[in-house]
Amino acid sequence: MNFDAGYFIEILPRIFSKLNVTLEITVTATVFALIIGVIIAVIAYYKIKIFYPITRGYVSLIRGTPIVAQLYFFYYGLAIYSVTIRNMVPVTAVAVVLSLNVGAFMSESIRAALMSVDEGQKEAAYSLGMTNLQLMRRIILPQAVRVALPPLFNDMINLIKSSSLAFMLGVADVMGAARMAGARSFRYFEIYAAVMLVYWVIIFLFGFVHKYLEKKCQAAY
């Protein structure tokens, strides 16, 4: 079966039309993953009692297990015991799992950035009478943000690609649309070429945002 350019041009807009669902999952999960990542990173940075070992265990569990297993465990496993999850729409469930998963990875990126700030600067800040909050806001965060940007954008790119797993819960996103089109036409070559093109364009454009923010950070400091 040869590549049918006509069918590829025909299917591309239909695949592209589901991009809003993919972006909805991606944006929602990115916001909550960043919040989770910052909270866990700060707990790890200050080694806050009780919370520190709990967050270490959480990060270890998330990083050491496949995201597909986490998705099924949450949506089909925990749903047995939780009415809230049982009544949750698949899009929300995917966004929750991606937030928890990528948040763990982001926490490590942010923690490494926080620890990259020279100890001498912290001691100088304390000698000037700064509190921990002032130290974090005025000294550590401005430098850590610049260091954290590249790994955080890598985490976000992984999140965009991981959102393609949403079709496993029946979500009609880009991959879901491809799956349905494939079941009807069996033209998998053209269909998944269209899927790859859509994801590649998203991540290519995302790269421009990354470069723009890096330039802004370099100009600021």
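**Close-up 1. Helices α4 and α6 cross.** Welcome to a first view, where the axes of helix α4 (residues 67–77) and α6 come within 10 Å and cross at roughly 130 degrees. Such axes are lines fitted to C-alpha atoms, for helices over the stretch in contact, and the angles run from 0 to 180 degrees between N-to-C directions. The two helices, α4 and α6, are therefore oblique to each other (angles under 35 degrees count as roughly parallel, over 145 as roughly antiparallel, 65 to 115 as roughly perpendicular and the rest as oblique). The crossing of α4 and α6 is right-handed; that word applies if the near helix is turned clockwise from the far one by less than a right angle, and left-handed if anticlockwise.

Before moving on, please note that this is a predicted model, in which local features need pLDDT of at least 70 and side-chain atom pairs count only at pLDDT 80 or more, while totals for chains, interfaces and linings use all residues. Residues are numbered from 1 along each chain as its sequence is written, and side-chain values use heavy atoms, with hydrogens and water left out.

**Close-up 2. Helix α2 meets helix α6.** Here the axes of α2 (residues 19–46) and α6 (residues 90–115) come within 5 Å, crossing at roughly 40 degrees. That angle makes α2 oblique to α6. The crossing in which α2 passes α6 is right-handed. In the contact of α2 with α6, the residues divide into 21 nonpolar, 5 polar and 2 charged. For these classes, Ala, Val, Leu, Ile, Met, Phe, Trp, Tyr, Cys and Pro count as nonpolar, Asp, Glu, Lys and Arg as charged, and the others, Gly among them, as polar.

**Close-up 3. T30 sits in helix α2.** Look for T30 within α2. With 13% relative accessibility, T30 counts as buried (buried means under 20% relative accessible area, exposed over 50%, and partly exposed in between, with a 1.4 Å probe and protein chains only). Although T30 and S162 are 132 residues apart along the chain, their C-alpha atoms are separated by 12 Å.

**Close-up 4. Aromatic rings pair up.** A search of the whole structure finds 10 aromatic pairs. In one of them, the rings of F3 and F8 have centres 5.6 Å apart and planes at 45 degrees, so the pair is tilted. Rings of Phe, Tyr and Trp (its six-membered ring) pair if their centres lie within 6.5 Å; planes under 30 degrees apart count as stacked, over 60 as edge-to-face and the rest as tilted. F3 is partly exposed at 38% relative accessibility, whereas F8 is buried at 17%. Together with F189, the residues F3 and F8 form one aromatic cluster.

**Close-up 5. Y75 and Y76 form an edge-to-face pair.** The ring centres of Y75 and Y76 lie 5.2 Å apart with planes at 75 degrees, so this pair is edge-to-face. Y75 is buried, with 16% relative accessibility. Its partner Y76 is partly exposed, with a relative accessible area of 44%.

**Close-up 6. Stepping back to the chain.** The chain has 10 helices and 0 strands, where helices (H or I, at least four residues) and strands (E, at least two) are DSSP runs, numbered from the N terminus. Buried residues make up 41% of its 221 residues. Its C-alpha atoms fill a box of roughly 70 × 50 × 25 Å, taken along the principal axes. An unreviewed UniProt entry places the feature "domain: ABC transmembrane type-1" at residues 19–210. Over residues 19–210 the chain is 82% helix and 0% strand, with the end C-alpha atoms 20 Å apart.

Technical notes
UniProt positions are given in the numbering used here, feature names are shortened, and annotations may be inferred rather than shown by experiment.
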